[in-house]
Number of protein chains: 2
Amino acid sequence: MATPFEFEITARDPRTQARTGRLHTPHGVIETPAFMPVGTQGSVKALSQEDLRVIGAQIVLANAYHLYLRPGTAVLEQAGGLHPFMHWERPLLTDSGGFQVFSLSGLTKVSRDGVTFQSHLDGSRHTFTPERSVDIQRSIGADIIMCFDECTRYPVTHAEAARSMRMTMQWAERCNRHWRDTDDGRQALFGIVQGGVYSDLRKESAESLTAIGFPGYAIGGVSVGESKTEMRDAVAAATPHLPEDRPRYLMGVGPPDDFLDAVAMGVDMFDCVMPTRNARNGALFTSEGRINIKNQRFATDFGPLDPRCACPVCKVYSRAYLSHLYRAGEIAALRFNTLHNLFFMLDLAASAQKAIGAGRFDAFRQEILNQAAV
Amino acid sequence: MATPFEFEITARDPRTQARTGRLHTPHGVIETPAFMPVGTQGSVKALSQEDLRVIGAQIVLANAYHLYLRPGTAVLEQAGGLHPFMHWERPLLTDSGGFQVFSLSGLTKVSRDGVTFQSHLDGSRHTFTPERSVDIQRSIGADIIMCFDECTRYPVTHAEAARSMRMTMQWAERCNRHWRDTDDGRQALFGIVQGGVYSDLRKESAESLTAIGFPGYAIGGVSVGESKTEMRDAVAAATPHLPEDRPRYLMGVGPPDDFLDAVAMGVDMFDCVMPTRNARNGALFTSEGRINIKNQRFATDFGPLDPRCACPVCKVYSRAYLSHLYRAGEIAALRFNTLHNLFFMLDLAASAQKAIGAGRFDAFRQEILNQAAV
């Protein structure tokens with residue numbers, strides 16, 4: 001029997017740092033590398049939880065900022081947590097709300113103690129401290145919870161990135177202490193590496209977190225405007241200084257090429273709104289590259305969206321029908337497109353696992369990148 | 001083996017004119033009384049065809065006006081018709097577009113020959129004649145197609161209602177002739193009784209159509225502003241003058257009380273956007289009456305939407321979760337609410353069939369009306 005939040009590394013690719021693993025949680029095992037669909041408000045946009053099961057989602061990500069504001073922690077506590085509230089029995093992860101208080105709310109005021117912000121819903125004032133963020137995430141009850149962090153602006157000077165990262169490291173220490181003080185073995189707290197585009201700061205941040213000690217480590221602040229090269233540099237600067245035997249989670253990164261490159265650098269977990277947001281804009285992944293279903297050339301294309309795809313949409317509906325639904329503004333188009341794009345990412349992660357297991361991840365990555373022009 | 005479009009009357013209620021029947025079509029049997037979900041553009045809003053199968057939809061209604069404008073008859077012909085285009089193997093019915101050219105399009109010009117109108121999508125000019133409407137409905141390929149009719153305004157004088165109805169009767173004759181000339185046994189044409197709120201005109205219209213002879217008869221123009229009493233009067237004026245042995249379809253009528261009253265008057269088929277439109281506005285049918293899921297009192301109500309409902313939503317999600325999804329603007333709310341309301345109507349129709357079969361429809365109707373305050 002695995003201990004809670006044990007991370008077994010089950011295979012390593014001989015040519016890259018890619019690895020497969022099994023992260024144990026109270027709601028089941030997450031096979032890595034894993035792509036985590038984003039269900040910010042307790043719902044992956046346009047999908048049901050049954051849809052998520054059908055396409056093989058192992059874990060869903062929700063957000064402490066959004067759920068704190070609506071429906072609120074009192075409702076979630078009464079429901080027995082987000083799992084029963086949304087009727088999802090597999091693992092959940094919540095982001096701490098650090099990113100959202102900076103990106104969504106108005107009139108943010110930051111101090112050493114925490115952040116005071118205005119709700120993007122009704123303008124009401126609220127304060128998150130590291131301890132409060134952990135408490136909120138306790139009420140939500142996700143299997144994996146995240147440290148409260150300051151989202152460093154981009155672009156940013158070295159001095160400002162250093163100040164911000166060091167404050168986040170102090171907050172990480174407070175989150176960790178509060179998490180340990182309230183630990184019941186059902187929720188694992190992950191630390192978040194910050195430091196912007198500065199490799200020395202990424203290294204310092206990774207070392208600080210490792211010294212504190214977490215069940216898992218995330219790399220944050222890499223989806224706020226950086227180039228793909230800067231994202232890769234940030235990952236490369238952090239991972240060598242994170243414990244080998246703990247899961248690594250790259251926050252907010254999702255395009256297939258970035259996913260594959262980060263897996264090659266030893267990253268285990270990913271989330272991104274891009275596959276779902278793109279889907280709602282008609283931009284769909286296929287094995288022949290990205291297409292936009294709105295395009296007039298699909299109006300009389302009666303073949304499947306992607307002949308190599310086994311998703312519930314490609315098995316049934318044609319490009320012509322999906323194109324019609326999208327252009328006609330039908331709500332069903334949003335669900336079908338989302339099902340397809342998420343299946344694509346989940347299938348990519350599953351295929352990456354197989355390739356790593358077979359010792360041929362590097363070749364697999366090249367095949368995908370050549371084939372798809374993603 | 002039943003002949004195409006045979007209508008078997010299988011039971012009659014002893015106290016009302018309610019009856020159950022089986023309408024045979026090339027895509028299967030429709031058990032009546034039947035509620036037909038509306039999929040105007042080839043999609044029941046927010047649902048998949050799999051959803052429709054799961055909740056027991058027997059037939060879906062689409063619209064010739066919308067499908068003619070988008071995706072167009074050329075696309076539908078290439079697809080082999082709407083059935084394969086939308087991947088729906090059960091019966092379909094198309095409305096002729098008569099109602100829509102008057103209610104949706106701009107600058108309508110009516111002559112004895114037909115109607116010239118502007119597309120509500122791009123302002124382009126088009127002409128529908130009775131023959132053209134049949135041709136368009138041939139391209140779409142629904143099992144049941146409708147005569148092209150003028151939608152009589154409401155309120156309207158007797159003289160104007162008479163003029164409009166008599167023109168529609170001439171168009172019905174032309175539709176019938178063109179349908180017979182092009183008949184391949186795969187599509188049945190229904191006539192539409194008009195005449196506004198005037199019982200003498202409803203009688204005259206029903207007699208005119210019966211003299212022409214159709215596989216089925218609809219009662220139209222009763223959902224354009226009439227009161228419930230006027231709707232009932234129009235049905236009562238028409239049905240005695242329609243053939244007993246053919247199906248009767250009341251167009252655009254859907255609230256549960258109107259449905260039950262019309263069944264009692266011998267109506268067999270119904271369609272209405274109200275259950276699906278209400279669903280998207282959060283107004284949901286329950287066995288305890290209509291509720292609005294937005295209401296704050298549902299925020300902490302962790303019971304099912306309707307404890308007596310067996311729909312896929314009530315079996316899984318709570319009022320609190322559905323209320324949260326709706327208030328949070330989640331797309332999934334539209335699908336869940338639609339699934340529930342349509343299931344309610346389909347289940348009501350199925351229960352009405354059972355009650356008629358058991359000779360207790362009148363008692364059943366009173367139970368539902370007392371219980372639900374619908």
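User: A residue is buried if 20 or more other C-beta atoms, placed from the backbone, lie within 10 Å of its own, exposed if 12 or fewer, and partly exposed in between; what percentage of chain A counts as buried?

Analyst: By that cut-off, 55% of the 374 residues of chain A count as buried. This is a predicted model, in which local features need pLDDT of at least 70, side-chain atom pairs count only at pLDDT 80 or more, and totals for chains, interfaces and linings use all residues. Residues are numbered from 1 along each chain as its sequence is written, and chains are lettered from A, with ligands numbered from 1, in the order in which they are written.

User: Why is chain A called as compact as a globular protein of its length?

Analyst: The globule rule is 2.2 Å times the number of residues to the power 0.38, and the radius of gyration is taken over C-alpha atoms. For 374 residues the rule gives 21 Å, and chain A has 20 Å, which is close, so chain A is as compact as a globular protein of that length.

User: How many residues of chain B are in contact with chain A, and what makes a contact?

Analyst: Two residues are in contact if their C-beta atoms, placed from the backbone, lie within 7 Å; by this criterion 31 residues of chain B are in contact with 31 residues of chain A. Among the elements of chain B, helices being DSSP runs of H or I with at least four residues, numbered from the N terminus, α12(B) gives the most to this side, with five residues.

Methods. Helix = DSSP H or I, 4+ residues; strand = E, 2+ residues; numbered from the N terminus.
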